[in-house]
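The following exercises concern strand order, helix packing and the nonpolar core. Please inspect the sequence and the structure before working through each solution.

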Amino acid sequence: MVQFLESRQGIRLLLTPNRSLSWRGNVIIWCLLCLPVLAATLALTLAGAWMVLPFAGLELGALAAGLYCTSRDCHRKEVLTIDRDLVRLEKGHSHRQCQWEWPARYTRVCQQTSHRLLPANPRLYLQHRNTRILLAGFLNPSDVDRLLVILAGAGLTIDRRQ
């Protein structure tokens, strides 16, 4: 998703992945999936197959870990600030974990599209001299197109490569 943030100078964008489910929704899904597993495990344990218990626990633990990792990954954020003299990219989850700043005049956006036989998955990179940083690799093609229009309107050079 591409969202505009308030900025006194230039353009400031918040780039985030599309989140189809909140953390609370993930917990509800996990609980609903636990019910049949625990019911089957209880029935099998009462029938004498107690060895099912540890495997059911491992299954539910692996499911919880997968839901947690996916949810955490969907909460990535990138803040792109473009003003007349400077381009700043900040990446992180709950706080800024890394940041790059370059002069706007010498920074360009490189768009690479995938091979013609593969599904369309364009990638954007911010490039300054020999430094190249992936920009919002989680965006879908329509959001990438929207972001390209915004970046071109902000005066950045767009380099399209196949």
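**Exercises on a predicted model**

**Exercise 1.** In this predicted model, determine across which strands helix H3 lies, and state how H3 runs relative to S9.

*Solution.* Helix H3 comprises residues 141-153. Its contacts, taken as heavy atoms within 4.5 Å, place H3 across S6, strand S7 (123-128), S8 and S9. Relative to S9, the helix runs at about 140 degrees.

**Exercise 2.** Establish the order of the four strands in the open sheet and identify its edge strands.

*Solution.* Step one: the strands follow the order S8-S7-S6-S9, with mixed pairing. Step two: strand S8 (131-135) and strand S9 (157-161) each pair on one side only, and these are the edge strands. Step three: neighbouring strands of the sheet are turned against each other by 30 degrees on average, direction ignored.

**Exercise 3.** In which sense do S6 and S9 pair, and over how many bridges?

*Solution.* Strand S6 spans residues 108-112 and pairs with S9 in the parallel sense, over five bridges. Within S9, aspartate 159 is the residue opposite cysteine 110.

**Exercise 4.** Identify the residues of the largest nonpolar core that touch the most other members, and the element that supplies the largest share.

*Solution.* The core has 23 residues, and those touching the most other members are Leu15, Leu80, Leu126, Leu135, Leu147 and Leu151. At least two residues each come from strand S2 (11-15), strand S3 (77-82), strand S4 (86-92), S7, S8 and H3. H3 supplies the largest share, five residues. With residues up to four places away in sequence not counted, leucine 15 touches, among others, Met1, Val2, Leu135, Phe138 and Leu147.

Notes. Residues numbered from 1 in each chain as written. Predicted model: local features only at pLDDT ≥ 70, side-chain atom pairs only at ≥ 80, totals over all residues. Heavy atoms only, no water. Pairing = 2+ DSSP bridges. Axes fitted to C-alpha atoms, helices over the stretch in contact; angles between N-to-C directions. Core = buried A, V, L, I, M, F, W, Y, C linked by side-chain atoms within 4.5 Å. Buried < 20%, exposed > 50% of the residue type's maximum accessible area, 1.4 Å probe, protein only.
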